[in-house]
Amino acid sequence: MNLAAAAGILMLGVTGTAHAEGACPPGTALSIQDGARIHRAADLQSPVDGVYYKAHAYRVHQLVGGTPTTPDWVNLTDDTTRVTGWVHGGVAGCLGLTPPST
């Protein structure tokens, strides 16, 4: 993983309150793919209000459903664009954190 990608994972800052249902397990971080669409509702048919890019900071409010490594939906605010909405779990997943090599 390159430095920019690692910074994107660490920068994503799960600073909001995430519900236990579908949340990433301890020791992992949520990663969202570059270009993920931010929907108005947790429904692929709902309007898209914005697009998330890895260079953006964001706050997670809720993770819903799915498996321990892939939520069905992630409710977040893109702090760069100030868009709040839902990102489909197909473009979001929990990644294991590895300590930096010394």
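# Briefing: polar contacts and salt bridges

The side chain of Thr 80 comes within reach of the backbone nitrogen of Ala 57, at 3.2 Å. This is a predicted model. The protein has 102 residues, and 33% of them are buried. Its secondary structure amounts to one helix and seven strands. The points below start with the whole chain, then turn to single residues.

**Confidence**

- The average pLDDT of the protein is 77, and 72% of the residues reach at least 70.
- In residues 1-22 the pLDDT falls below 50. That stretch still has 39 contacts in the model beyond near neighbours in sequence.

**Overall build**

- Read from the N terminus, the order of elements is α-β-β-β-β-β-β-β.
- Take the contacts between residues at least 6 apart in sequence: 52% of these join residues at least 24 apart.
- The protein has an accessible surface of about 5,800 Å². Carbon and sulfur atoms account for 57% of that surface.

**Thr 80 and Ala 57**

- Thr 80 sits in the loop between E5 and E6.
- With a relative accessible area of 47%, Thr 80 is partly exposed. The cut-off for exposed is over 50%, so Thr 80 stays in the middle class.
- Along the chain, Thr 80 and Ala 57 are 23 residues apart. Their C-alpha atoms are separated by 6.0 Å.
- Leaving out residues up to four places away in sequence, Thr 80 touches His 56 and Ala 57.
- Thr 80 also takes part through its own backbone: its nitrogen lies 2.9 Å from a polar side-chain atom of Asp 78.

**Asp 78, a buried acid**

- Asp 78 belongs to strand E5, which covers residues 73-78.
- Asp 78 is buried but has no salt bridge. Its nearest side chain of opposite charge is Arg 59, 8.9 Å away. A salt bridge needs the nitrogen and oxygen within 4 Å, so this pair does not count as one.
- What does the side chain of Asp 78 meet in a polar contact of 2.7 Å? The partner is the side chain of His 56.
- Beyond neighbours within four places in sequence, Asp 78 is in contact with Ile 38, Val 51, Tyr 52, His 56, Ala 57, Tyr 58 and Val 83.
- His 56 and Ala 57 appear in the contacts of Asp 78. Both are also touched by Thr 80.

**Salt bridges**

- Side chains of opposite charge can pair when their charged atoms come close.
- How many salt bridges are there? The count is two.
- One salt bridge joins the side chains of Asp 49 and Arg 40, at 2.8 Å from N to O.
- Asp 49 is partly exposed, at 32% relative accessibility. Arg 40 is exposed, at 52%.
- Another salt bridge links Asp 79 with Arg 59, where the closest N and O atoms are 2.8 Å apart.
- Asp 79 is in the loop between E5 and strand E6 (83-88), while Arg 59 is in strand E4 (residues 58-64). The two are 20 residues apart in sequence, so the pair ties together separate parts of the chain.
- Asp 79 is partly exposed, with a relative accessible area of 28%. Arg 59 is partly exposed too, at 32%.
- Arg 59 therefore features twice: in the salt bridge with Asp 79, and as the nearest opposite charge to Asp 78, 8.9 Å away.

**Ser 31 and Lys 54**

- Ser 31 is part of strand E1, residues 28-32.
- Is Ser 31 buried or exposed? Ser 31 is buried, because its relative accessibility of 14% is under the 20% cut-off.
- Lys 54 lies in the loop between strand E3 (48-52) and E4.
- Lys 54 is partly exposed, having a relative accessible area of 26%.
- The side chains of Ser 31 and Lys 54 make a polar contact of 3.3 Å.
- In sequence, Lys 54 and Ser 31 are 23 residues apart. In space, the distance from C-alpha to C-alpha is 9.0 Å.

How values were computed. Residues numbered from 1 in each chain as written. Predicted model: local features only at pLDDT ≥ 70, side-chain atom pairs only at ≥ 80, totals over all residues. Heavy atoms only, no water. pLDDT = per-residue confidence, 0-100. Contact = heavy atoms within 4.5 Å. Helix = DSSP H or I, 4+ residues; strand = E, 2+ residues; numbered from the N terminus. Buried < 20%, exposed > 50% of the residue type's maximum accessible area, 1.4 Å probe, protein only. Polar contact = N/O pair within 3.5 Å; in protein donor to acceptor, adjacent residues only side chain to side chain. Areas by Shrake-Rupley, 256 points an atom, 1.4 Å probe, with all protein chains shown as cover. Lys, Arg positive; Asp, Glu negative; His and termini not counted.
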